[in-house]
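Q: I would like to take a close look at a single part of this protein and to see how its side chains are connected. Please treat the matter step by step, as for a student in the first year.

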Amino acid sequence: MIENASKRERKKTENRQAILRTAEELFSGKGYRETTMQEIAERAGVAKGTLYLYFRSKEELYLTVCVRGVSGFGENLEKARAAAKGVEEKIRAVYLAYIRHSLKQPSVFRVLRDTFLEQVRKNLSPATVKEVSSIIGDWLKNESELVRDGIEQGLFDPGLDPYHFSILAWRTATGLVELALLQDPIVIERAGLENLFEASIDILLRGIKRLPEQPGNM
């Protein structure tokens, strides 16, 4: 009897993981609106009714996919931050880690990105949008702390708004990932993308550097 219960639990876990993997792929490829619960169930190899034993609605399933993806992103960003030394290198490391992890996990990236598209938000509950947005907001606050440290150390412009810089860096990185995920970027050779990633954070960091004091202001 215990063995049968163990098999049932294992089967439930396998079903749930299959549903999440399938949903992630479909949401990424077709978008939230065009993906149906019926399609997810068929692709995952379960009955539609079984799907609702695990997730009460498409919104809840979408949120679960998003949160799972955010967790993996967050771990990678934190590792990159911890491994780098110095404020500038930490900012650079987190920025590039976001891009590289997005390219390794494009389906998760697209699902997270879609949370910030108005046409997708219209089909999500406010709770879903708030949940994912708050997690990404925490990333931005962590990045802001690094920028604030740079200001306190005299590296960056004292008039800089750390949170504004973090949003700018995040959206720049997101745009570059979208470009890199195109089958044919057209505007740049694929071989040059890595240089572009590096150059973009160099430009952003140069733009916030504290200018040296002019002799007349001494």
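Which residues are linked with Arg92 in a network of salt bridges?

A: The model considered here is a predicted one. In it, Arg92 belongs to a network of salt bridges together with Glu89 and Asp202. The structure holds eleven salt bridges by the rule applied, and several of them may be examined in turn.

Within the network, the side chains of arginine 92 and aspartate 202 meet with a nitrogen-to-oxygen distance of 2.6 Å. Arginine 92 is part of helix H5 and aspartate 202 is part of helix H10, so this salt bridge ties together parts of the chain that are 110 residues apart in sequence. The two partners may also be described by their accessibility. Arginine 92 has a relative accessible area of 17% and is therefore buried, since the limit for that class is under 20%. Aspartate 202, at 27% relative accessibility, counts as partly exposed.

Another salt bridge also involves helix H5. The side chains of lysine 209 and glutamate 88 meet at 3.6 Å, taken from N to O. Glutamate 88 lies in helix H5 (residues 87-104), whereas lysine 209 lies in the segment after helix H10 (193-208), and the two are 121 residues apart. Both partners are partly exposed: lysine 209 has a relative accessible area of 33%, and glutamate 88 has one of 23%.

A further salt bridge joins neighbours in the sequence. Arginine 113 pairs with aspartate 114, and their closest N and O atoms are 3.1 Å apart. Aspartate 114 is buried, at 4% relative accessibility.

Helix H6, which spans residues 106-114, also holds valine 108. With a relative accessible area of 8%, valine 108 is buried. Leaving aside residues up to four places away in sequence, valine 108 touches Glu24, Gly69 and Phe73. Two of these contacts, Gly69 and Phe73, are among the buried residues of helix H4.

Helix H4 covers residues 58-83, which makes 26 residues. From its first C-alpha to its last it reaches 38 Å, close to the 38 Å expected at 1.5 Å a residue. Its buried residues also include Leu61, Val65 and Leu77. An α-helix has 3.6 residues a turn, so residues three or four places apart point the same way.

Phenylalanine 73 deserves separate attention. Its relative accessibility is 1%, and it therefore counts as buried. The structure holds seven aromatic pairs. In one of these, the rings of phenylalanine 73 and tryptophan 139 have centres 5.9 Å apart and planes at 15 degrees, so the pair is stacked. Phenylalanine 73 lies in helix H4 and tryptophan 139 in helix H8 (residues 126-152), so the pair ties together parts 66 residues apart in sequence. Tryptophan 139 is likewise buried, with a relative accessible area of 15%.

Aromatic rings also meet elsewhere. Phe27, Tyr32 and Tyr62 are linked into a cluster by ring pairs. Tyr62 is one of the buried residues of H4, as is Lys58. Lysine 58 lies over the face of tyrosine 32, at 4.4 Å from the ring centre. A comparable arrangement involves arginine 171, whose charged end sits over the ring of tryptophan 170, 4.7 Å from its centre.

To return to the question, the network consists of Glu89, Arg92 and Asp202, and its link between arginine 92 and aspartate 202 connects helix H5 with helix H10.

Terms used
Residues are numbered from 1 along each chain as its sequence is written. This is a predicted model: local features need pLDDT of at least 70, side-chain atom pairs count only at pLDDT 80 or more; totals for chains, interfaces and linings use all residues. Side-chain values use heavy atoms; hydrogens and water are left out. Helices (H or I, at least four residues) and strands (E, at least two) are DSSP runs, numbered from the N terminus. Buried means under 20% relative accessible area, exposed over 50%, partly exposed in between (1.4 Å probe, protein chains only). Contact means heavy atoms within 4.5 Å. The expected span of a helix is 1.5 Å times one less than its number of residues. Rings of Phe, Tyr and Trp (its six-membered ring) pair if their centres lie within 6.5 Å; planes under 30 degrees apart count as stacked, over 60 as edge-to-face and the rest as tilted. A charge sits over a ring if NZ of Lys or CZ of Arg is within 6 Å of the ring centre and within 35 degrees of the ring normal. A salt bridge is a side-chain nitrogen of Lys or Arg within 4 Å of a carboxyl oxygen of Asp or Glu.
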